Amino acid sequence: MNIRNALLATVGALSALTLVSAAHAATTLTVYTALETEQLDPYKKAFEADNPGITIQWVRDSTGVVTAKLLAEKANPKADVVWGLAASSLMVLDAQSMLEPYAPKGLDAVKPTFRDAKTPPTWVGMDAWMAAICFNTVEAAKKNLPKPASWADLLKPEYKGQVVMPNPASSGTGFLAVSGWLQQMGKDAGWAYMDGLDKNTAVYTHSGSKPCKMAAAGEYAVGISIEYTGAVQKNKGAPIDVILASEGVGWEEEATAIVKGTKNLDAAKALADWAATKKANELYVQFYAVTAVPNVGKALPNYPENAEAKMLKTNDFAWAAANRDAILAEWTKRYDAKSEKK
Amino acid sequence: MSATAAAMPKPQSKPKTKPARSPRPVETADSRLLNGGTLILALFLTVFVLLPLGAIFLRSLYDRNDTFVGLANFATFLGTPALSASIGNSLSVALVSTVITVILAFLFAFSITRTGMAGKGWFKAVAQIPILAPSLLPAISLVYLFGNKGMLRDVMMGHSVYGPIGIVLGEVFYCFPHAVMILVVALSTADARLYEAAESLGAGPWRRFWTITLPGARYGLISAIFVVFTLVVTDFGIPKVIGGNYNVLATDVYKQVIGQQNFGMGAVIGMVLLLPALLAFVADWLGQRRQMALLSARSVPYVPPKSVWGDRLALGYCLLIAALLVGMLGVSAYASLVKFWPYNLSLTLANYDFEQFDPAGWGSYANSLRLAAWTAVAGTAVIFTGAYLVERSAALPALKLTVRLLAIVPLAVPGMVLGLAYIFFFNAPWNPLNGLYNTLAILVLSTLVHFYTVGHLTAATALKQLDPEFESVSASLKVPVWKTFGRVTVPLCLPAILDIGIYLFVNAMTTVSAVVFLYSPDTKPAAVAVLHMDDAGETAGAAAMAMMIVYTSIAVRVLHAGLGAWLGRRSQRWRAR
């Protein structure tokens with residue numbers, strides 16, 4: 001009996017010890033993100049390798065969902081850090097004073113357009129992604145579809161039922177495309193363009209990468225999606241061209257921010273620091289060619305050329321953030337209600 | 001182990017220490033135990049069934065800023081064309097799916113019960129195939145079959161599978177086994193005297209079918225119609241994957257809650273979803289009560305006559321249906337192995353490397369196994385003990401009636417409504433149980449409650465077959481009731497207990513609707529991962545994970561069959577005598 005008790009006590013003490021030491025050693029950061037799933041693992045591993053003792057726990061969804069989730073949790077935030085969310089979404093959160101201002105080490109190396117203008121900034125950019133057209137050449141040849149070069153081309157009647165685009169209410173890519181059109185064409189012409197595009201659109205998807213994957217699989221010939229997804233699909237052997245429209249394309253920055261009220265502020269700052277390093281940017285560039293810290297490496301194969309030149313010059317994130325709700329309400333009213341469309 | 005050995009002699013020593021002061025001292029302790037247990041069960045069901053439902057109802061009366069707005073949310077719902085159009089959409093796909101499913105299932109059940117066709121047991125088993133898969137799977141298979149690059153796209157003659165056509169096809173597959181189960185039961189009880197009388201009066205086979213068979217099965221038919229209708233209206237996996245821009249109520253709940261975090265509107269649509277389910281529930285209940293009355297002690301069981309051509313026709317039909325059912329699984333199984341659909345059809349296992357599609361990777365499969373195992377173990381224990389208490393305790397009739405009713409309620413609550421109700425109730429800051437939120441425990445509890453009723457009815461039926469004399473005898477032998485329960489009741493009911501466990505396990509593996517609102521990043525189940533992968537356009541990965549769920553369900557079923565046969569030889573010999 002005594003031996004058994006002694007054994008039990010030892011086991012109990014040992015397990016208590018391991019629990020305590022584990023609690024001391026590891027901080028778990030809850031990180032909300034809208035990064036593409038294939039980015040999550042390399043980013044997490046690289047950060048954790050440099051910051052032993054901090055573990056990232058991802059909560060991933062589409063941009064709109066993550067934004068809505070953060071807003072809904074405003075009173076009782078569950079996230080410590082947001083790493084990889086559209087800058088315009090972070091501006092919405094900033095307007096609600098939900099972000100902790102912090103200037104990460106190495107902020108000087110970041111391009112001025114890739115950070116919040118305030119000092120200290122509430123968010124710091126990582127990279128840019130943009131609206132691209134994924135065009136399936138095999139299906140196009142079968143259906144005699146010409147290769148589109150511009151946004152205007154997509155209104156041609158031969159593309160009827162062949163276009164897929166993301167729903168801007170849930171997808172950040174969908175929103176940046178819509179915001180881009182409204183900015184480059186003006187409000188009236190922009191909505192008129194989308195009315196025309198709606199006639200050719202077969203499906204609005206929940207996620208921004210899905211249209212390109214559908215185009216890659218030939219489900220539809222044209223997917224308005226992310227340039228990076230296009231390059232990846234092409235590298236996987238999909239018969240697609242990744243086209244950046246000649247008028248210029250809407251784009252958006254992915255950025256990092258600390259959620260105000262986090263209980264793990266030190267670890268959150270460590271992540272914010274790391275996310276702005278050259279090393280982190282060397283990871284970003286493996287996915288997106290235009291990064292916050294310039295000249296960090298080569299873009300991945302089949303990434304569209306001259307991406308930086310095609311990006312809309314006058315892209316106003318503040319305008320997009322301020323008008324986000326109104327734009328989405330109008331979009332939903334115009335196109336989401338057409339549920340009976342065959 | 002030593003503890004049980006030490007406890008052994010106690011019953012014998014008890015009478016010595018306790019002289020016969022009151023006439024039946026042991027029974028008092030027993031009845032206290034049983035009554036206390038019944039009370040705890042009533043509390044459990046109140047907290048996990050009744051109060052959450054109250055919470056969702058209350059939530060539908062509040063706006064986004066938690067201000068009481070009365071029925072304003074309902075008015076907004078009806079006034080938003082995009083939302084109210086979903087009512088019409090939901091009703092029309094449900095109507096069409098119900099008609100097709102019930103007709104197909106009736107013919108199938110008729111072949112099994114009223115013909116001399118071979119392989120009836122086998123067909124009955126094959127009809128259960130859809131139950132082994134999450135409802136997302138048929139939709140994924142349909143994309144590969146009839147999508148714009150599908151194997152059989154020409155069959156669609158230019159129509160798009162994304163929309164009502166796809167939803168109906170998927171729902172027919174998904175609901176088929178439920179309708180078959182009900183109709184097989186309804187058709188297997190027939191009184192041969194009626195047929196003899198009709199035949200001797202000169203009624204032909206058609207006349208006999210219309211005047212005896214169909215009316216005899218009418219309550220089963222009504223029940224099947226309502227059950228299928230409810231399943232379609234409340235299913236969310238199929239329209240999510242293949243609905244395209246065709247919005248239905250179930251996907252609207254998801255969009256409002258997940259996409260826009262508009263919980264008030266989600267609650268409103270949830271309340272609307274509850275209506276058809278409640279109707280179906282009442283209709284089913286009424287139907288089942290009458291069904292009993294059809295057979296009397298003098299009835300003569302009907303034996304289907306042999307008919308060469310009729311039997312061949314039935315066999316052909318059942319083979320065709322079986323091929324379709326197996327084929328649907330086969331399509332996803334194949335698609336999950338294809339390298340890059342449709343341009344590179346070489347086979348690979350790469351799509352089973354889930355980490356590339358979803359951060360949870362294989363972890364979500366492990367989560368599902370844990371969820372299913374816990375639900376099966378904890379659920380079976382709670383449900384069986386609960387049924388025992390209701391059947392055997394001498395608690396207040398009012399208390400027992402409350403428990404009986406509460407045990408039936410979950411059947412009428414769609415999974416999405418239950419999941420949403422759990423958010424509102426368990427995430428509330430004032431709730432002392434809000435520590436459950438974001439844990440695996442809440443997933444287990446919601447799944448247990450979601451599937452409580454069928455388990456409860458199974459257990460109650462098994463217990464009713466046992467003579468209550470067991471308890472009386474052990475009471476007079478002064479054996480405590482928990483010992484009789486453990487030594488007699490549980491072993492005798494093992495087949496039913498195993499059935500409940502397997503039912504809970506398989507359903508916990510496949511369910512999406514209740515858990516989609518309740519998982520947290522480290523408890524995400526496999527079926528939710530399927531949904532997420534499909535959302536991101538990783539259809540092959542989604543098919544692969546869905547197949548992992550199917551393979552697991554099949555393995556568990558096979559294990560169950562083996563175990564059941566073994567148990568049957570070990571502990572069920574008494575039934576043969």
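Reader: Is Y228(A) buried or exposed?
Author: This is a predicted model. Count the other C-beta atoms within 10 Å of Y228(A): there are 27. A residue counts as buried at 20 or more. Because Y228(A) has 27, its class is buried.

Reader: Where in chain A is Y228(A) placed, and which helix holds it?
Author: Residue 228 falls within the run 227-235 of chain A. That run is a helix. Its name is α9.

Reader: Which residues does Y228(A) contact, leaving aside its neighbours within four places in sequence?
Author: Contact here calls for C-beta atoms within 7 Å. With the sequence neighbours left out, the partners of Y228(A) are W129(A), F287(A) and Y288(A).

Reader: What UniProt annotation covers Y228(A)?
Author: The label comes from an unreviewed UniProt entry. Such annotations may be inferred rather than shown by experiment. For Y228(A), the entry gives "binding site".

Reader: Which element gives the largest share of the side of domain 1 of chain A that touches domain 2 of chain A?
Author: Domain 1 of chain A is assigned as 2-128 + 252-303, and domain 2 as 129-251 + 308-336. Their contact takes 23 residues from domain 1 and 26 from domain 2. On the domain 1 side, α3, α4 (87-95), β5 (124-136) and β10 (251-259) of chain A each supply at least two residues. The largest share, 5 residues, comes from α4(A).

Reader: How many Å separate the centres of the two domains of chain A?
Author: The centres are taken over C-alpha atoms. Between domain 1 and domain 2 of chain A, the separation is 29 Å.

Reader: Which element gives the most to the side of domain 1 of chain B that touches domain 2 of chain B?
Author: In chain B, domain 1 is 25-59 + 367-576 and domain 2 is 72-335. The contact between them takes 29 residues from domain 1 and 32 from domain 2. On the domain 1 side, 10 residues come from the top contributor, α25(B).

Reader: How many residues of that domain 1 side in chain B are charged?
Author: The side of domain 1 of chain B that touches domain 2 of chain B divides by class. It has 23 nonpolar and 4 polar residues. The charged residues number 2.

Reader: Which element of chain A gives the most to the side that touches chain B?
Author: Between the chains, 39 residues of chain A are in contact with 33 of chain B. Elements giving two or more residues on the chain A side include α2 (37-50) and β2 (54-60). The most, 6 residues, come from α3(A).

Notes. Residues are numbered from 1 along each chain as its sequence is written. Chains are lettered from A and ligands numbered from 1 in the order in which they are written. This is a predicted model: local features need pLDDT of at least 70, side-chain atom pairs count only at pLDDT 80 or more; totals for chains, interfaces and linings use all residues. Two residues are in contact if their C-beta atoms, placed from the backbone, lie within 7 Å. Helices (H or I, at least four residues) and strands (E, at least two) are DSSP runs, numbered from the N terminus. Domain bounds come from an automatic or database domain assignment. Ala, Val, Leu, Ile, Met, Phe, Trp, Tyr, Cys and Pro count as nonpolar, Asp, Glu, Lys and Arg as charged, and the others, Gly among them, as polar. A residue is buried if 20 or more other C-beta atoms lie within 10 Å of its own, exposed if 12 or fewer, and partly exposed in between; C-beta atoms are placed from the backbone.
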